[in-house]
There are 2 protein chains.
Amino acid sequence: MSRPKPISGYPEFLPSGRIVEQQVLDILRETFELHGFASIETRAMEPLEVLSRKGEITKEIFTVRRLHAEAEEPNAADQLALHFDLTVPFARYVLEHGGHLAFPFRRYQMQKVWRGERPQEGRYREFLQADIDIVGAENLATHHDVEIPLVALEAFERLHTELGLPPVVMHVNNRKLLQGFYEGLGITDTAAALQRVDKYDKIGGPAVAELLTGELRLTDEVAAQCVAIAGICTADTSFVDQVRALGVENPLLDEGLAELAEVVRVAQEAVPGRLVADLKIARGLDYYTGTVYETELVGHEKMGSVASGGRYDSLASDGKVTYPGVGYSFGVTRILAPLLNRGTLTATRSVPTCVLVAVDSEDTRAAAISTAQRLRARGISAEVAPKADRFGKQIKYADRRGIPFVWFGSGADAGTEQVKDIRSGDQVDADPNSWLPPAEDLHARVVSG
Amino acid sequence: MSRPKPISGYPEFLPSGRIVEQQVLDILRETFELHGFASIETRAMEPLEVLSRKGEITKEIFTVRRLHAEAEEPNAADQLALHFDLTVPFARYVLEHGGHLAFPFRRYQMQKVWRGERPQEGRYREFLQADIDIVGAENLATHHDVEIPLVALEAFERLHTELGLPPVVMHVNNRKLLQGFYEGLGITDTAAALQRVDKYDKIGGPAVAELLTGELRLTDEVAAQCVAIAGICTADTSFVDQVRALGVENPLLDEGLAELAEVVRVAQEAVPGRLVADLKIARGLDYYTGTVYETELVGHEKMGSVASGGRYDSLASDGKVTYPGVGYSFGVTRILAPLLNRGTLTATRSVPTCVLVAVDSEDTRAAAISTAQRLRARGISAEVAPKADRFGKQIKYADRRGIPFVWFGSGADAGTEQVKDIRSGDQVDADPNSWLPPAEDLHARVVSG
């Protein structure tokens, strides 16, 4: 086989990039588990009908078929396709396994998803998502709408302070607020209005007003009100007064304002500066019915929202029970692939190994293995040099991988072993039963470039 | 949507089963990393031509296609399919990224793979594999053939002692040994002989002899020799003398005997009783060229080999450089799905949560959140009761999930908080800044049922 070329849209990381990704996933997992979210995984494939909404496939999806069944007539009912997100499979999982789950059910799920979209930076055909959702049977209290962004921001804060990822700002809105406002203005097709306002970030307020008057035939005054509310963005609860000042009255608007104010109030206390009420956030065609979240990396706003979510009245329904939920999805690949490509993040080494145990001669390989095993028994990653080369070559082997320490003399008499820090050149006597590396060298670390 | 049914061949675990799986994967990862294996992940899809060997597709594979491209003419050259193992994608990764890797390259990879085979217990259409491989550029020392089973057996030993999985016995052979023996007997089509001997376990020695004389037209005497060597199985290096006693002479046989003896000798010392030389192991049509490994769970031998691997002279070649390797693959789903289904393994709880913080009234939810946060800051998984129900109901909420502790009084004055072990009913004063659960309750544990 000649040298294969990368396939556009399917990012693959080198080992050092994978170390960064693993540490990101470890922090997400630890944060989610500290908050009582249980892990699940769902199969990669769903029946085509599960992936369609009201019979319509709105996403770019990949169907799968057994190669050796290619000749058979495809049976549409049994046709499987790769999941394009983790929400639809989770909904199916809740219906299928509901009898074995306790509600409200808190789950996290970190898996690859696939979309057949045109690849570009930040948009991939295969990418990793990390989702948290809380789903109730029949009902779910609104305090979970406050809980989800706190968990998400706690995770992002750790990614920022521990691994050097950029800090984030979460933009929050509430569908009830916008819908109530539109209803209060006398707009009947509120979904259509929401779709136009969703373009505010891309095309700006005046262009949105034109869409509203041109396509939806709203009056200039009503369109101006829609643009005015979309322009409100505050880091505290002062957005409530700004909305009130627009003079629209509606009970659903009141409900939305109260829910959003509670999210902002609690977040302002718990994670100051990280969450804003941003009344232009609509989340397009998604199935959200209340609070909606979007999240930007500070300094990388051009990447768009890298993590988002919201409240939905009905994640799933089996005809008897309806399951409302609130969830949030971290676009892990979407966040990491650009930061790794640009060298914004990297790892201190390309292997987990902390110590390379040098080999004097092939006759003493067993002694080197024994030394390595004693280091491992105390949690220190160690490998034995693959060849009894001259020591200079063995040091070079370690250096190329970023392994910080090389161990010498394991084949000699007891008490004559030494360990060299190949960065400084310092070499000291050491006992494999007690020597410890500096804490910062024990594991590969993520550093920002 | 009505209640969906499981799809045969795609096992999905409940949260408690997933906890078992996660702890298995954690132990595998930790063991691999302690031995200096670097993690990589490859995309789920490969071009069809990469998945074929010499132009022939020997495995049951799934092709993928963009749904919205269904009408277009399929372009065979660009046709993608889901990988059916982790070895073929790793070979492609080595060729594609070889310029950025340092050899010998030690990697581990834990990902789902897909095969379109007829589903049955232990055989799935989607399953998780965990692979380790060491691959060299142009050459790779044979001591790595000894290293791989030691790493694998160390992992299995931890799975046995820490999580209660059954112990294992690894069966090892060497292709050179068999091939040299066959050549020494004057057999020309050694691959054909190997294929027949591979059925020894299923059909027994006499039936193998019949295949060899009937299908391959070997003499009764030669067939008897083939069956005799296949029947040799020893826990020490005494197999060498047993083979010698058959009186066949061949240099490749000598090489194979020496390599296998070294594996057995070292393993006997390092992990006594866990590895045997078993001269009927052939690994069918696989691409192995030297040492081969198979592994059975003691007491579950009917499941067959749940983890296997071997040495291959050429994992990949780009025309200039050939990459030999030695590797081993853990069939994680293959091991766990039957054990979870039979209840052989389970977890002490279905959630990560250690403490449920009870809520007196919705007015004091903030205080309960603060208590939970103080517990989490010290690594204790905590969640806040979703509803200010009467305490009996809140305790029942915890009980249904297996959460061992419920915290009371967070909304009251300082110094009046208490924690109840809901299993014993014991309730004691506690401070969220200092209380610790017993070590065995901090995380969900895997227990054998």
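Here's a walk through how chains A and B fit together in this predicted model.

Start with the symmetry. A turn of 180 degrees, with a shift of 0.0 Å along the axis, lays chain B on chain A with an RMSD of 0.1 Å. That's the relation of a two-fold axis. If you want to find the axis by eye, look for B:V64: in chain B, its C-alpha is the one nearest the axis, 2.2 Å away.

B:V64 sits within strand β3 of chain B, residues 62–66. This strand runs antiparallel to strand β3 (residues 62–66) of chain A, and five bridges join the two. One pairing to pick out is A:T63, whose bridge partner in β3(B) is B:R65.

Now zoom out to the whole contact. Chain A and chain B put in 89 residues each. The copies meet through the same surface, because 100% of the interface residues of chain B are also interface residues in chain A. Between them the two chains bury about 7700 Å², with 54% of that on carbon and sulfur atoms.

What about the polar side of things? There are 48 residue pairs in polar contact between chain B and chain A, counting pairs with both residues at pLDDT 80 or more. The salt bridges between the chains number twelve. One of them links the side chains of A:D26 and B:R29, at 2.9 Å from N to O. On the side of chain B that touches chain A, helix α1 (residues 15–34) of chain B gives the largest share, seven residues. That side as a whole divides into 40 nonpolar, 28 charged and 21 polar residues.

Terms used
Residues numbered from 1 in each chain as written. Chains lettered and ligands numbered in written order. Predicted model: local features only at pLDDT ≥ 70, side-chain atom pairs only at ≥ 80, totals over all residues. Heavy atoms only, no water. Contact = heavy atoms within 4.5 Å. Buried area = accessible area lost by both parts, 1.4 Å probe. Salt bridge = Lys/Arg side-chain N within 4 Å of Asp/Glu carboxyl O. Polar contact = N/O pair within 3.5 Å; in protein donor to acceptor, adjacent residues only side chain to side chain. Helix = DSSP H or I, 4+ residues; strand = E, 2+ residues; numbered from the N terminus. Nonpolar A, V, L, I, M, F, W, Y, C, P; charged D, E, K, R; others polar. Pairing = 2+ DSSP bridges. Least-squares fit on C-alpha atoms with pLDDT ≥ 70 in both.
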